[in-house]
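Biologist: Could you take me through one part of this protein slowly, as you would for a first-year student? I would like a close look at a sheet and what lies around it, and then a sense of how that part sits in the whole.

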Amino acid sequence: MNVTLRQLRAFIAVARAGSVTEAALRLHITQSALSGLIKDLESNLGVQMLHRTTRKLQLSSAGEVFLPMAERILQDLGMALDAVSDLRELRTGTVRIAVPQVMACTVMPEIMAAFARKYPGIRVRLQDSMVESVLGRLINGDVDLAIGPERDAPANVVARTLFTLPFLAVLPPGHPLTKKQRVSWSDLVRYPVISLQGEYTQLLSAELYASPGRLEFSPTHEVAFLTTALSMVEHGLGVTTCLPYAGVLLQRQQLEFRPLVTPVLSRKFQVWLNKDRGLSPSAQEFLDFLLQHIEDHPAPEVRAFRKAR
């Protein structure tokens with residue numbers, strides 16, 4: 001069978017109008033064209049859909065069965081087209097994004113709120129994750145976008161740079177290093193250091209050892225979450241390091257922070273997408289909005305360094 005939408009619309013119009021003349025007027029086509037569509041439909045289905053008399057048209061038994069189904073098909077199609085139109089016009093949609101836990105509670109809420117004000121019908125689902133698992137969520141198809149520090153990624157993952165940030169020394173109030181405007185790594189490691197488990201500490205150790213001073217970075221404590229490290233610093237158990245986008249957490253806990261120098265180390269953060277799976281209109285709009293917002297609002301650096309300056 002090769003039933004077309006034009007045939008369905010023609011049949012429904014004739015059935016409801018009870019007249020080819022009236023139905024043709026409603027559809028803005030000629031009577032001959034309309035009659036041809038009905039004949040084609042009956043030929044495709046192999047049954048007569050209408051009984052024709054000199055005075056009026058009546059549905060056959062097959063036509064009576066077929067009519068509500070045909071109407072439902074067109075109704076469902078209309079709803080499907082409306083839904084696609086809403087997605088295309090950004091009136092609705094869902095964006096799934098995986099973000100490291102600290103960024104999820106500092107940078108992202110501000111961006112999500114600004115996006116929601118512009119696109120109230122689009123829902124952004126945030127998955128706050130361990131840094132090591134962010135990229136995996138994208139590869140597994142759990143999310144549309146992922147954000148994290150620069151990492152080696154598979155060939156089907158596209159990376160866009162968000163920002164590059166230097167490290168800060170995080171100190172409890174009254175600590176001897178708070179007398180300095182900038183803190184060297186060699187000064188920092190003289191005190192008990194609280195660092196993060198996994199790649200964070202591994203990469204720092206390698207970079208510091210490769211620097212001209214060949215510094216040994218051997219943390220006294222290694223914990224899973226920055227919030228734990230900050231609480232330990234607050235209670236005088238040591239010092240720690242972080243990136244400027246965590247500045248709001250430092251302010252909440254009234255911790256001191258200074259730029260770390262000699263050497264100046266930094267981390268590049270990227271947003272990743274899977275090029276094998278195209279972005280929905282909503283996800284593409286969120287990506288564009290995110291990149292523009294970061295460019296227009298360098299708030300993480302400004303807030304973090306305001307006190308240091």
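**A sheet and its surroundings**

Modeller: Among contacts between residues at least 6 apart in sequence, 75% join residues at least 24 apart, and it helps to keep that figure in mind while reading this predicted model. The protein contains 13 helices and 13 strands, and 42% of its 309 residues are buried.

The part to look at closely is an open sheet of six strands, arranged in the order E8-E12-E7-E11-E9-E10 with mixed pairing. Strand E8 (183–184) and strand E10 (221–223) stand at the edges, and because each has a single partner strand, one side of each is left without a neighbour in the sheet. Further in, strand E9 (residues 193–196) pairs with strand E11 (residues 239–242) in the parallel sense, over two bridges; if you look for Val193, you will find that its bridge partner in E11 is Val239.

Two helices lie across these strands. Helix H9 (residues 199–210) lies across E9, E10 and E11, and runs at about 120° to E9. Helix H10 (residues 226–234) lies across strand E7 (168–171) as well as E9, E10 and E11, and its angle to E11 is about 145°.

Following the chain onward from E11 brings us to Leu243, which has its place in the loop between E11 and helix H11 (247–252). Is Leu243 buried or exposed? Leu243 has a relative accessibility of 8%, and since buried means under 20%, it counts as buried. Apart from neighbours within four places in sequence, Leu243 is in contact with Leu165, Pro166, Phe167, Leu168, Arg267 and Phe269. By way of contrast, the C-alpha atoms of Leu243 and Val157, which are 86 residues apart along the chain, are separated by 25 Å.

One of those contacts, Phe269, leads to another strand, E13 (residues 266–274). Strand E13 runs antiparallel to E5, and four bridges join the two; within this pairing, the bridge partner of Ala146 is Trp272 in E13. Strand E5 (residues 145–149) is largely enclosed by the rest of the structure, because five of its five residues are buried. E5 also pairs with strand E3 (residues 93–100), this time in the parallel sense and over two bridges, with Leu145 in E5 as the bridge partner of Ile97.

Aromatic side chains give another view of how the chain is connected, and a search of the whole structure finds ten aromatic pairs. One of them is the tilted pair of Phe11 and Phe66, at 5.6 Å centre to centre with 55° between the planes. This pair links distant parts of the chain, with Phe11 in helix H1 (residues 5–17) and Phe66 in helix H4 (residues 61–88), 55 residues apart. Phe115 and Phe286 form an edge-to-face pair, at 5.0 Å centre to centre with 80° between the planes. Since Phe115 lies in helix H6 (residues 108–118) and Phe286 in helix H12 (residues 281–296), the pair ties together parts that are 171 residues apart in sequence. Ring pairs also link Phe115, Tyr119, Phe286 and Phe289 into a cluster.

Finally, step back to the whole. The radius of gyration of the protein is 32 Å, whereas a compact globule of 309 residues would have one near 19 Å. Along the principal axes, its C-alpha atoms fill a box of roughly 105 × 35 × 30 Å.

Conventions
Residues numbered from 1 in each chain as written. Predicted model: local features only at pLDDT ≥ 70, side-chain atom pairs only at ≥ 80, totals over all residues. Heavy atoms only, no water. Pairing = 2+ DSSP bridges. Contact = heavy atoms within 4.5 Å. Axes fitted to C-alpha atoms, helices over the stretch in contact; angles between N-to-C directions. Buried < 20%, exposed > 50% of the residue type's maximum accessible area, 1.4 Å probe, protein only. Rg over C-alpha atoms; globule rule 2.2 N^0.38 Å. Phe/Tyr/Trp six-rings, centres within 6.5 Å; stacked < 30°, edge-to-face > 60°.
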